[in-house]
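User: I'm new to this one and would like to learn how to read its aromatic rings. Can you walk me through them?

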Amino acid sequence: MKKTFPPRVRRVLEDLAAALRSFGIDRDDRVVLAYSGGLDSAALLWALCHLHPHRRPAVEAVCVDHGLREDSGAQARRAIEVARSMGVEGRVLRVACEGEGGVEAAARKARYAALARVAEGRPILTAHTADDQAETVLYRLAKGAGLRGLGAIRPQARLEGGRVLRPFLGVRRAALEEVVRYAGIPVIEDATNLSRRYVRNRIRMDVLPALEAAVPGASAALARAARLAQRDEDYLSRRAARWSRRLQRGDGWDARGLVRLPRALASRLVRDAIVEARGRPPTARQIEQVLELLGRGGEIRLCDEWVAVCRQRIFSIRRQRMERD
């Protein structure tokens, strides 16, 4: 690695190399970079190109056009031109943002599904930063999330069938700003990132700066809290999985054994059972209803097709289609 880089830029390159090593990525690997042309992904693309050749994987830049603005297609094409100017092959994927949970959730789901499809098993790198982590923790805390939610963004995740890696999750955005200034990389900003119409933008532009002014270092502390929450959640999840195996009775679980478990373990066992059956997590309210059900018996409808049942001291999740007129 060159020693002529400014100290902060060199540190970003060192952090990236260390993160890739922790993921098991080296020069013999091929990766897909989720590349929007914005500051964070531009810094990641440049840093990947300037790793030591012995550490540098083969990169393809993929820009997902969500089609939410008239100029989104042209902006995506400009982003890929920037990638190609750095010697990186790239392409644009157009997706339709449809589904439950609002535009942001639909766009995220469509984006990761498209990236996983073209990756064909290659790891997908995203440029999430420690600042993104802080925003996510604050947002989920305001929504009343538990330990799992407060773990926020994971360094590695399986999303829509793809292996997603986030090598900049421990890096502050200010460091990436310095990388972009040093490298002179063209940055293509998405105008929607500046709109206060979206909650995450309001947190980033208004709430976090106010919190930093009141409590200096708050963003770094929130990112650290996420790492601690992830560690504790992983431990509790492993304990819940062990108890799930011990209490399993055929296609259900011993309800009396579940009732005797600490609530932190019982709630995780119930959640995992529902996710395994229907492929989607229950709400916090549904988990509470199921835990109450364990002591009295009966059933609770989770959605049109799935019910949680407790009969003869056995808890199970069953598929049951609603009768239609």
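Analyst: Sure, let's start with two rings: Trp253 and Phe315 are both buried, where buried means under 20% relative accessible area, exposed over 50% and partly exposed in between (1.4 Å probe, protein chains only). A word on ground rules: this is a predicted model, where local features need pLDDT of at least 70, side-chain atom pairs count only at pLDDT 80 or more, and totals for chains, interfaces and linings use all residues. Residues are numbered from 1 along each chain as its sequence is written, and side-chain values use heavy atoms, leaving out hydrogens and water.

User: How many aromatic pairs are there?

Analyst: Rings of Phe, Tyr and Trp (its six-membered ring) pair if their centres lie within 6.5 Å; planes under 30 degrees apart are stacked, over 60 edge-to-face, and the rest tilted. That rule gives four aromatic pairs. Take Phe5 and Tyr182: they are edge-to-face, 5.9 Å centre to centre with 80 degrees between the planes.

User: Is Phe5 buried or exposed?

Analyst: Phe5 counts as buried because its relative accessibility is 6%. Tyr182, at 39%, is partly exposed. Ring pairs also join Phe5, Trp46 and Tyr182 into a cluster.

User: Which charged end sits over the ring of Trp243?

Analyst: A charge sits over a ring if NZ of Lys or CZ of Arg is within 6 Å of the ring centre and within 35 degrees of the ring normal. Here it's Arg246, 4.7 Å from the centre of the Trp243 ring. Arg111 does this over Tyr112, at 5.6 Å from the ring centre.
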